Amino acid sequence: MTVSPARTPLSPILTETPIVAVLRARHAREYAPVIEALVAGGVRSIELTLSTDGVFEHLPELIKNFGERAEIGVGTITSRDQARRALDGGAAYLVTPITDLNIIAAATARRVPVFPGGLTPTELFSAWDAGAAAVKLFPASTVGPGYIAQLRGPFPGIRVVPSGGIGVDDAAAWIRAGASAVSLGGPLLGDAFAGGDLAALTDRARRLVDNVADARGEARPAVSAGAEHASENVSTAEAAAARVAENPSSVEAAR
């Protein structure tokens, strides 16, 4: 008889506010001000993608600086070695764009949630059966929210996190369709990594949190002490980001 591995539950942060912000930048040194702005808006689950340079080097520092205010995971993982480095660096969770049973096994062995990517029923069930905390439906915009209801026919207990092409105002439909959480990148981040207004990013994050809370039929989550602290830091973060944009070499000199 085959015994399925123990499934790691979703974190308290993601359970309370089921939103993952997917961050892609030129270099991980650009992440901190953007994370501050997201946390100020109530989005506290942050995925750092490996398509960004310097993620492994900056991951421990970001985890230390944000502490309990945010959970920081690593995404775009496509190999077991990348999974190991992310886990060793303290990632709160792993996200993959593919279904790789070796990566799932590496995460479940450490009791760290993993969200493997897939689109077909075979891919998604294979990942779920291997112990994924939830499966990442990717690219979600190609199928639409109704796909979750269809999956729930043969797989009634499966937890699904749609990702790819979901806008701030689309998230509610996915939650109402039964998504365990939603994952947003560009539509939420906008021009944040290109010198954009971080206060506007915080406003988008708040609107997204409100939309999701409405879809769940609940009041907006109370602003945590961490979010209040982050809100105070947004203007400081914007100033810091502007200084880096004007003189990128100053960051390297300070390291």
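What follows is a conversation about the helices, hollows and backbone angles of this predicted model.

Colleague: What makes a residue or a side-chain atom pair count in this predicted model?

Modeller: Local features need pLDDT of at least 70 and side-chain atom pairs count only at pLDDT 80 or more, whereas totals for chains, interfaces and linings use all residues. Residues are numbered from 1 along each chain as its sequence is written, and side-chain values use heavy atoms, with hydrogens and water left out.

Colleague: How many helices and strands does the protein have, and what makes a stretch count as one or the other?

Modeller: The protein has 12 helices and nine strands, where a helix is a DSSP run of H or I with at least four residues and a strand is a run of E with at least two, both numbered from the N terminus. Helix 3, at residues 55–66, has 12 residues, so it meets the helix minimum of at least four.

Colleague: What span would you expect for helix 3, and what does the model give?

Modeller: The expected span is 1.5 Å times one less than the number of residues; for helix 3 that is 16 Å, and the model reaches 15 Å from the first C-alpha to the last, which is close to it.

Colleague: Which residues of helix 3 are buried, and why are they said to line one face?

Modeller: Val-55, Phe-56, His-58, Leu-59, Leu-62 and Phe-66 are the buried residues of helix 3, buried meaning under 20% relative accessible area, exposed over 50% and partly exposed in between, with a 1.4 Å probe and protein chains only. Seen down the axis of helix 3, these residues fall within an arc of 145°, and therefore they line one face of the helix; the arc is taken from the directions that run from the helix axis to the C-beta atoms. An α-helix has 3.6 residues a turn, so residues three or four places apart point the same way. The face turned away from the buried side carries the exposed residues Glu-57 and Lys-64.

Colleague: What do the buried residues of helix 3 pack against?

Modeller: They pack against helix 2 (31–40), strand 2 (45–49), strand 3 (71–75) and helix 4 (80–88), a contact being a pair of heavy atoms within 4.5 Å.

Colleague: Which residues of helix 4 are buried, and why are they put on the same side?

Modeller: Ala-83, Ala-86 and Leu-87 are the buried residues of helix 4. They cover an arc of only 95° around the axis, and so they sit on the same side of helix 4. The buried residues of helix 4 pack against helix 3, strand 3, strand 4 (94–95) and helix 5.

Colleague: Why is Thr-76 called partly exposed?

Modeller: Thr-76 is called partly exposed because its relative accessible area is 22%, and its place is in the loop between strand 3 and helix 4. Although Thr-76 is not a glycine, it has a positive phi of about 60°.

Colleague: Where is Arg-111, and why does it count as partly exposed?

Modeller: Arg-111 is in the loop between helix 5 (101–109) and strand 5 (114–115), and it counts as partly exposed because its relative accessibility is 44%. Arg-111 is not a glycine either, yet it has a positive phi of about 60°.

Colleague: What is the peptide bond from Phe-138 to Pro-139, cis or trans?

Modeller: That bond is cis, with omega near -5°, and Pro-139 lies in the loop between strand 7 (135–137) and helix 7 (146–152).

Colleague: What makes a hollow a cavity and not a pocket, and how many cavities are there?

Modeller: On a 1 Å grid over the protein atoms alone, a cavity is a set of points where a 1.4 Å probe fits but cannot get out, while a pocket is an open set with protein on both sides within 12 Å along at least five of seven lines, and lining residues have an atom within 4 Å of a point. The count comes to two cavities of 30 Å³ or more. The largest cavity holds about 50 Å³ of space, and among the residues that line it are Val-20, Glu-47, Tyr-93 and Lys-136. About 30 Å³ lies in the second largest cavity, to whose lining helix 10 (residues 198–215) gives the most, three residues.

Colleague: What is the volume of the second largest pocket, and which residues are closest to its centre?

Modeller: The second largest pocket has about 260 Å³ of space, and of the 20 residues that line it, Val-22, Arg-24, Leu-184, Gly-185 and Gly-186 are the closest to its centre. Helix 9 gives the largest share of this lining, three residues.

Definitions and conventions
Grid points are joined across faces, edges and corners, and a volume is the space filled by probe spheres set on the points.
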